[in-house]
Structures are given as C-alpha cells and as structure tokens.
Amino acid sequence: MRKTRQPSRSPTTSQLSLGSRLLNSTGALIALAAVAAGLLWGLVRLAVSPSGLQPTAASPRAAGGFSPTVPAEAAPPRPAATGMAWIPGGRFSIGCIDPRGLPHGGDQPMADARPIHEVTVTGFWIDTTEVTNRQFAAFVEATGYVTVAEKPPRPEDFPGAAPENLVAGSIVFTPPNRPVPLGNHLQWWRYVPGANWRHPLGPDSSIDGHEDFPVVHVAFEDAEAYAAWAGKRLPTEAEWEFAARGGLAGNLYPWGNEFRPGDRWMANTWQGRFPLENTAEDGFAGIAPVGQFPANPYGLYDVSGNVWEWCADWYRPDTYAEQVAGRLPTDNPRGPTDSFDPQEPGIPKRVQRGGSFLCTEQYCSRYILGTRGKGEISSGCNHIGFRCVRDAE
Ligand SMILES: [Ca+2]
C-alpha cells in the first residue's frame with residue numbers, strides 16, 4: 001500500500017509528489033501532499049463532480065425519492081450496553097439530495113451520495129457520543145497504545161527525506177489573520193510537529209479539563225484499535241446513517257429539515273466568515289464537549305457537526321451507483337472492496353460522516369444528513385474523531 005503519512009518542512013511549497021495525506025474536511029476533499037526535494041506540503045482541493053445533477057425543488061423529501069424507514073420490530077437485547085443506544089435496524093433510504101439552493105445547503109451537489117436507494121441493516125448498539133479523551137486515555141493506559149500521529153514517519157517510507165523532516169505530528173486548523181479565497185486550503189491547515197490526541201493544537205496544548213471532548217488526531221487504525229479493545233467495531237456508513245436518521249426518512253438534519261428550529265442551535269458548526277471569522281454563535285468556537293446539543297430520536301449526540309467520524313467502509317464515489325446496479329450488496333452493505341477516488345487515485349481513503357465544527361454553508365455543509373466525507377487512512381486531524389458500534393450478542 002502506498003505510504004501517505006508525510007513529514008513536512010514547509011506547507012507552502014511543492015515540487016514533486018511523493019504521496020499525500022488527505023484531510024477530509026468537507027465536501028471539498030483536502031489533500032496534504034508531501035512533495036519531493038524537501039518533502040514539502042501542498043493542499044489540494046478536490047471538487048466533487050456535479051454529474052449532471054441539478055438543484056432540487058424546495059421539498060427535499062418529495063424531490064429526493066426517499067422511502068419511509070421501516071424499523072425492525074425486534075426488542076432491544078438485554079442487558080443494555082453502557083453508553084450505547086440500541087438501533088433496531090431495518091430498511092431505509094440512504095443518501096442525500098442535491099442541497100444546492102436550499103437554506104444552509106452550500107454549493108456542492110453531493111453527487112457521491114446518490115442515487116438515493118434503499119438498504120437494510122441488522123440491529124446493533126452504537127455509542128451515544130463520540131469517543132472522548134477520557135475513554136481514549138483509558139484505552140492507552142490499559143494497552144500502551146501509541147497513535148500514528150505520535151510516531152515519527154519511518155525513513156524507509158520516505159526515501160530521500162531529510163532526517164529533520166521526519167517529525168511526528170498532525171494537522172491542525174490554523175485560521176489566517178486575513179480574508180482568503182476558499183480555494184486554497186493551505187491557508188488554514190498546518191502540519192504541526194508534536195500535535196496529537198494529547199496535544200490537539202500542538203505541543204503546548206493539552207487535554208487537561210477536556211476529558212469529555214471527543215478525541216481527535218486519530219488515524220483510521222487508531223480508531224480500529226480502540227474499538228477492538230472496547231469489544232466494539234467501527235460502524236459501516238449504512239449503519240451510521242441509519243442511526244443518525246433516528247428512524248425518520250429523508251430529513252436534511254438529524255432533527256428535521258430546518259437548520260435552526262425556533263432559532264435554536266442544534267449542532268456545533270461554524271458561524272462567521274470562514275476561515276477568518278469564527279463568531280461561535282452556537283456557543284463553541286472549536287470542538288465542544290460531547291452531548292452539548294439535543295440528541296436525535298435514537299438518543300445520539302453530535303451526529304451532525306463537532307468532529308468527523310470514521311466509518312469502516314472504503315470510500316468510492318460510485319458506491320451507491322454500484323449498489324443500485326446490483327454489483328454491491330444492499331443488505332448490510334459494507335462498501336466496496338477497495339478505495340478509489342478519481343481525484344486522488346492511489347490514495348487509500350475511508351468514509352467519514354457527520355461534518356465538524358468547521359462546517360459552514362460557505363465551504364462544507366456536510367452537517368447535512370446523508371452526505372459523505374472521506375479521509376486518507378493514516379491522517380488524523382484536529383476535527384476527526386469516531387464512535388463505535390457493537391453487534392447484538
Ligand atoms: Ca461552533
């Protein structure tokens with residue numbers, strides 16, 4: 001597999017790609033590309049292909065082709081799993097309409113979340129919150145686990161790299177001090193040596209007092225390792241979406257179709273002119289402790305906003321088309337057998353869901369339910385976390 005974790009001397013120059021480390025932020029996929037000569041970083045925005053789809057009419061459910069959700073009738077197993085909600089499973093429509101033109105819909109067509117189609121999932125338990133620093137610390141305490149971001153990149157993975165560039169670290173949102181065009185993500189992402197889950201903003205930061213914040217700077221393998229230790233696993237994106245929809249069908253958000261019902265903030269997203277101005281009208285300029293906004297009908301918190309959440313599936317933009325064509329299962333779908341993104345061929349990516357505190361209609365809008373994100377598997381970031389699921393015994 002292609003190695004993609006990259007050290008960096010500077011985030012501002014690039015010459016020859018050795019690989020890339022992808023930051024999934026939003027609908028626009030962000031790539032941190034390390035480059036030859038000095039292993040320099042670049043960020044590449046990957047626009048989503050419109051695929052000829054047009055903005056929908058005002059009624060998303062009427063226009064989107066969603067079928068009613070049909071939950072399974074099986075009673076929750078006993079005993080209940082601590083900190084988890086029982087999701088009955090059943091049949092539901094997965095996907096998202098083209099949200100362009102809708103309030104808070106943003107400017108991206110979300111073509112990879114269509115066709116909207118029916119899938120079934122078997123019942124499962126799911127964490128009611130994102131995995132917290134407290135929970136991840138218990139895992140590390142018990143196992144001595146070291147995350148990807150805490151390990152220096154191996155010289156053999158980056159031949160020719162100067163030793164001083166092989167420095168452990170991770171990617172941190174670093175807002176500029178002036179307005180910038182939204183087409184260049186180098187303007188607000190930085191590779192920060194010493195950034196990791198214990199030091200989310202860099203070596204001088206800590207998680208003291210942030211025990212109930214979601215853990216971040218976790219690569220896919222870090223999330224899998226935690227899940228295995230906890231006797232759980234990562235959700236498939238179908239499971240994640242079934243749970244996030246709360247038994248309802250076709251809604252734009254986990255709570256309904258209005259972004260701010262009764263003027264209430266329902267998720268931790270971004271307000272103000274991105275990325276310069278963060279007015280934090282929702283109460284949180286950065287990550288919020290878990291559970292600060294209303295739960296969805298299944299009792300799940302923060303399935304929209306706060307931090308992105310890793311899912312088990314490999315990412316491909318044509319996954320749903322392949323399911324509709326019968327070439328991938330729609331009964332407990334687990335995604336394709338490998339990853340492919342035509343905009344970054346050869347870069348392995350897994351699905352991420354839910355958006356983050358950086359999502360705004362100016363740039364991301366993947367707080368919208370049914371939208372799909374993606375992230376390079378070895379890349380953590382200070383807006384990527386996860387939650388786990390457990391099968392019924
Ligand atoms: Ca916020």
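Start with the whole chain and its contacts: among those between residues at least 6 apart in sequence, 72% join residues at least 24 apart. You are looking at a predicted model, with 5 helices and 13 strands in the chain. Buried residues make up 54% of the 393 residues.

**Colour by confidence**

Switch the colouring to pLDDT. The chain has a mean of 85, and 84% of its residues reach 70 or more. Now select residues 1-63, where the pLDDT is below 50; in the model this stretch has 186 contacts beyond near neighbours in sequence. Where pLDDT is low, the predicted coordinates should not be read in detail. With that in mind, let's move on to the sheets.

**The antiparallel sheet**

Select S4, S5, S6 and S13. These 4 strands form an open sheet in the order S4-S5-S6-S13, with antiparallel pairing. S4 (70-71) and S13 are the edge strands, each pairing on one side only.

Walk across the sheet from the S4 side:

- S4 and S5 are joined in the antiparallel sense by 2 bridges. Show Pro 71 and you will find Gly 90 of S5 opposite.
- S5 (residues 84-94) and S6 (residues 117-127) pair over 10 bridges, again antiparallel. Pick Ser 93 here: its bridge partner in S6 is Glu 118.
- S6 meets S13 (residues 389-391) through 3 antiparallel bridges. Ile 126 is the residue to click, with Val 389 of S13 opposite.

**The mixed sheet**

Next, select S9, S10, S11 and S12. Here 4 strands form an open sheet in the order S11-S10-S9-S12, and the pairing is mixed. S11 (373-376) and S12 (384-385) stand at the edges with a single partner strand each, so one side of each has no neighbour in the sheet. Zoom in on S10 and S11, which run antiparallel and are joined by 4 bridges. Gln 352 stands opposite Gly 373 in S11. Keep this sheet on screen and add H4 (residues 237-245): the helix packs on the sheet, touching S9 and S10, and its direction makes about 135 degrees with that of S9.

**Helix H4 and its surroundings**

Bring the antiparallel sheet back into view. H4 also lies across S5, S6 and S13, running at about 100 degrees to S5. Is this helix enclosed or open? Of the 9 residues of H4, 9 are buried, so the helix is largely enclosed by the rest of the structure. Show the side chains and look for Trp 240, Phe 242 and Arg 245, which are among the buried residues, as are Glu 237, Glu 239 and Glu 241. The cover over the buried residues of H4 includes S5, S6, S9, S10 and S13. Just after H4 comes Gly 246, with a positive phi near 65 degrees.

**Helix H3**

For the last stop, select H3 (residues 220-229). Which residues of H3 are buried? They are Phe 220, Asp 222, Ala 223, Tyr 226 and Ala 227. Look down the helix axis: these residues cover an arc of only 165 degrees, which puts them on the same side of H3. As background, an α-helix has 3.6 residues a turn, so residues three or four places apart point the same way. To see what covers the buried residues of H3, show H2 (133-143), S9 (308-314) and S10 (349-353), which are included in that cover. Finish at Gly 231, which follows H3 and has a positive phi near 75 degrees.

Note on methods. Residues are numbered from 1 along each chain as its sequence is written. This is a predicted model: local features need pLDDT of at least 70, side-chain atom pairs count only at pLDDT 80 or more; totals for chains, interfaces and linings use all residues. A residue is buried if 20 or more other C-beta atoms lie within 10 Å of its own, exposed if 12 or fewer, and partly exposed in between; C-beta atoms are placed from the backbone. The arc is that of the directions from the helix axis to the C-beta atoms. Two residues are in contact if their C-beta atoms, placed from the backbone, lie within 7 Å. Two strands pair if DSSP finds at least two bridges between them. Axes are lines fitted to C-alpha atoms, for helices over the stretch in contact, and angles run from 0 to 180 degrees between N-to-C directions. pLDDT is the predictor's confidence in each residue, from 0 to 100.
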